[in-house]
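Here are some worked exercises to try with the coordinates open. Attempt each task yourself, then follow the solution step by step.

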Amino acid sequence: MYKEPTVVISGNDFYAFPRLDPKGERIAWIEWGHPNMPWDRSELWVGYISENGEIHKRTCVAGYDPSLVESPTEPKWSPGGELFFVTDRKSGFWNLYKWIESENSVQVVYSLDAEFSKPLWVFGSSSYVLLQNNEGKNLIACGYRQKGRSYLSIVDDAQSSLSVLDIPFTDIDNITLGNHCLYIEGASAVDPSSVAKITLDAIQSKVLEFNIIWSSSPDSSKYQSYYSLPEFIEFPTEVPGQSAYAYFYPPSNPDYQASKDEKPPLLLKSHGGPTGETRGILNLSVQYWTSRGWAFVDVNYGGSTGYGREYRDRLLLKWGIVDVNDCCSCAKFLVDSGLVDGNRLCITGGSAGGYTTLAALAFKDTFKAGSSLYGVADVGLLRAETHKFESHYIDNLVGDEKDYYERSPINFVDQFSCPIILFQGLEDKVVPPDQARKIYEALKKKGLPVALVEYEGEQHGFRKAENIKFTLEQQMVFFARLVGHFNVADEITPIKIENFD
């Protein structure tokens with residue numbers, strides 16, 4: 001007989017990670033409320049379940065102390081009924097903790113200046129799994145990120161020790177438990193996003209077997225001689241003594257060699273989010289550029305994840321300032337290091353990265369051309385039309401009405417001074433097509449070289465293979481014609497560029 005579901009917990013704006021203990025007597029969950037995002041502040045709760053299925057007692061495990069800023073996440077029960085979770089109290093880094101139920105206190109399992117979890121943009125992420133060795137001890141198989149790469153490790157709860165496992169992946173996204181094995185989603189500079197099966201030894205301290213069982217691009221290895229491998233770089237920002245990070249990909253093609261006196265053009269990419277992180281993994285779209293003579297740099301500007309709370313908080317009230325400054329500082333660093341041509345600097349980005357691109361082109365003169373993929377041009381409009389989850393997110397990143405106006409490139413089209421190509425899906429609900437059209441018309445009127453590509457049926461982020469390919473090719477030929485001063489080797493028919501063709 002069908003029965004209506006019963007609401008057991010309500011009252012806050014958002015809930016995530018409901019997790020029952022092995023006996024079905026307790027449930028753990030994460031909750032948070034406006035104006036916070038889950039990585040700003042959240043709370044971990046445990047509820048005790050009565051025989052008729054109601055929660056009759058609740059305990060806040062973490063996040064209740066107003067003087068302690070933290071964002072607990074990913075609660076999991078061990079087979080023996082102990083509650084483990086990840087939080088960033090005090091150190092500012094998401095580390096492993098456990099709940100001491102008898103005292104309602106929490107205890108760090110292992111402390112490290114590294115991130116053992118990631119921002120809760122989507123449900124269902126799994127950064128660690130709980131194992132038990134032959135002696136019944138809690139072992140935790142976990143991935144953590146430190147200085148731009150991931151490590152797979154085993155943490156011994158009783159010993160408070162960590163041992164790193166030797167695997168070829170330098171990037172780990174998710175971990176799950178199999179039958180006497182682990183499955184991980186990961187990648188490296190030469191492996192595209194893949195799923196691997198890992199078999200450990202009896203005491204679960206060493207890898208016996210590592211097998212990739214699924215690859216997002218199984219044929220990619222035959223092009224390995226063309227790969228440009230990322231160099232993790234740390235560069236100075238505009239704030240004295242402060243650094244930011246990026247992955248630099250030099251041009252690489254075994255069939256061609258540039259002359260010694262010519263430095264390559266640079267394409268700088270600004271990632272989306274903006275509370276996101278770019279990773280130094282195999283991305284064939286990046287290799288498209290580097291195999292054709294371009295240097296490419298993927299920037300983790302202040303505000304990116306993977307470097308702790310303090311780094312993430314650099315963007316609070318400073319979106320459109322810190323990200324833009326860091327992208328310009330990165331380009332300048334590469335020019336000063338003699339790695340790229342200072343007269344051929346280009347910038348690209350999608351969504352929030354498209355916003356950083358447009359803001360850099362409107363408010364700075366570092367770059368000679370740019371491409372915006374469904375980029376935000378009006379941050380005020382973004383706030384007005386966004387969904388509940390992000391409805392206060394933009395306020396935390398921008399500030400008051402004056403800031404909204406002054407940070408929106410659409411209000412300063414007269415300050416654009418270089419060529420721009422815009423790509424836009426016509427069914428985009430996040431960034432309506434009008435934003436790209438307004439910039440296109442203003443630049444056309446101003447006499448600057450500009451092109452606009454609109455895609456029927458595409459939303460926020462392109463999904464059709466032919467459109468993704470067309471976007472890459474048209475960026476390449478646009479930059480080559482206007483900034484690169486070279487002919488593209490591929491047979492690409494360029495679209496018309498206003499005020500140029």
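**Exercise 1.** Why does the sulfur of Cys330 form no bond with the closest cysteine sulfur?

First, some ground rules: this is a predicted model, in which local features need pLDDT of at least 70 and side-chain atom pairs count only at pLDDT 80 or more, while totals for chains, interfaces and linings use all residues. Residues are numbered from 1 along each chain as its sequence is written, and side-chain values use heavy atoms, with hydrogens and water left out.

Step 1. Fix the criterion: a disulfide is a pair of cysteine sulfur atoms within 2.5 Å.
Step 2. Find the closest cysteine sulfur to that of Cys330; it belongs to Cys327 and is 7.3 Å away, too far for a bond.
Step 3. Check the surroundings: Cys330 has 0% relative accessibility and counts as buried (buried means under 20% relative accessible area, exposed over 50%, partly exposed in between, with a 1.4 Å probe and protein chains only).
Step 4. Repeat for Cys418, whose closest cysteine sulfur lies in Cys346 at 8.4 Å, again too far for a bond. Cys418 is buried too, with a relative accessible area of 7%.
Step 5. Close the count: by this rule there are 0 disulfides.

**Exercise 2.** Describe the open sheet that has the order 5-6-7-8.

Step 1. Recall the terms: strands (E, at least two residues) and helices (H or I, at least four) are DSSP runs numbered from the N terminus, and two strands pair if DSSP finds at least two bridges between them.
Step 2. Read the topology: the sheet has 4 strands with antiparallel pairing. Its edges are strand 5 (73-77) and strand 8 (105-110), each of which pairs on one side only.
Step 3. Add the geometry: the twist averages 30° from one strand to the next (axes are lines fitted to C-alpha atoms, for helices over the stretch in contact, and angles run from 0 to 180 degrees between N-to-C directions).
Step 4. Zoom in on one pair: strand 5 joins strand 6 (residues 83-87) in the antiparallel sense over 3 bridges, and Trp77 has Leu83 of strand 6 as its bridge partner.

**Exercise 3.** Which residue in the turn of the hairpin of strand 11 and strand 12 has a positive phi?

Step 1. Locate the pair: strand 11 (residues 149-156) and strand 12 (residues 161-164) are antiparallel over 4 bridges.
Step 2. Find facing residues: Asp156 stands opposite Ser161 of strand 12.
Step 3. Inspect the turn: 4 residues lie between the strands, and Ser160 has the positive phi, about 50°.

**Exercise 4.** How many cavities of 30 Å³ or more does the structure hold?

Step 1. Set the method: on a 1 Å grid over the protein atoms alone, a cavity is a set of points where a 1.4 Å probe fits but cannot get out, and lining residues have an atom within 4 Å of a point. Grid points are joined across faces, edges and corners, and a volume is the space filled by probe spheres set on the points.
Step 2. Count: there are 4.
Step 3. Take the largest cavity, with about 160 Å³ of space. It is lined by 18 residues, and those closest to its centre are Glu115, Ser117, Arg145, Ile172 and Arg279.
Step 4. Relate the lining to strands: strand 10 (138-146) and strand 13 (171-177) each supply at least two of its residues.
Step 5. Move to the second largest cavity, about 80 Å³. Its lining includes Trp39, Asp40 and Arg312, and helix 6 (residues 393-398) gives the largest share, 3 residues.

Technical notes. On a 1 Å grid over the protein atoms alone, a cavity is a set of points where a 1.4 Å probe fits but cannot get out, and a pocket is an open set with protein on both sides within 12 Å along at least five of seven lines; lining residues have an atom within 4 Å of a point.
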